[in-house]
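Biologist: Please take a close look at one part of this model for me. I would like the helix and the segment leading into it, residue by residue.

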Amino acid sequence: MNCKYCGSELLSNSNFCVKCEKNNIESDIKETKTKSKVLQQQHLNFFLLINNSFIELFTMRIIRIIM
Ligand SMILES: [Zn+2]
């Protein structure tokens, strides 16, 4: 495994780079957090879409009843 930051080879079973003194596992956690945030946003958009179509359907029905 190589360091994500400087590309030098990491010691076996170690995620800490001796050359640039950066922890390679920390960035993995950050990436996963960002990914889950994006997923949450996608879920939110999906629910908003469903909610909007429900409101549309509802108003359409009300209009039909009134007409
Ligand atoms: Zn490094």
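Modeller: Start with the cut-off. A residue counts as exposed if 12 or fewer other C-beta atoms lie within 10 Å of its own, and as buried if 20 or more do; in between, the residue is partly exposed. By that rule Lys37 is exposed, because 10 C-beta neighbours sit inside 10 Å. Lys37 belongs to helix H1. Keep in mind that this is a predicted model.

Now the setting. The protein chain has one helix and zero strands. Its radius of gyration is 24 Å, whereas the globule rule gives 11 Å for 67 residues, so the chain is more spread out than a compact globule. The box around the C-alpha atoms tells of the extent along each axis. Along the principal axes, that box is roughly 75 × 20 × 15 Å. Burial is scarce by the count: 1% of the 67 residues in the chain are buried.

Next, the approach to the helix. Helix H1 covers 24-66, and Glu21 is in the segment before it. Glu21 has a phi near 55°, a positive value in a residue that is not glycine. Most residues other than glycine have a negative phi. Glu21 is exposed, because 9 other C-beta atoms lie within 10 Å.

Then Asn24, which lies in helix H1. Asn24 has 17 C-beta neighbours inside 10 Å, so it counts as partly exposed. What does Asn24 touch, leaving out residues up to four places away in sequence? The contacts are Cys3, Lys4, Leu10, Asn15 and Cys17. Take Lys4, one of these. Lys4 and Asn24 are 20 residues apart along the chain, and their C-alpha atoms are separated by 6.6 Å.

Move on to Lys37. It is 14 residues from Asn23 along the chain, and the C-alpha atoms of the two are separated by 22 Å.

Last, Ile55, which is also placed in helix H1. Ile55 has 10 C-beta neighbours inside 10 Å, so this residue counts as exposed. Ile55 and Asn13 are 42 residues apart along the chain, with 55 Å between their C-alpha atoms.

To pull this together: Asn24 is partly exposed, while Lys37 and Ile55 are exposed. Ahead of the helix, Glu21 is exposed too and carries the positive phi.

How values were computed:
Residues numbered from 1 in each chain as written. Predicted model: local features only at pLDDT ≥ 70, side-chain atom pairs only at ≥ 80, totals over all residues. Helix = DSSP H or I, 4+ residues; strand = E, 2+ residues; numbered from the N terminus. Rg over C-alpha atoms; globule rule 2.2 N^0.38 Å. Contact = placed C-beta atoms within 7 Å.
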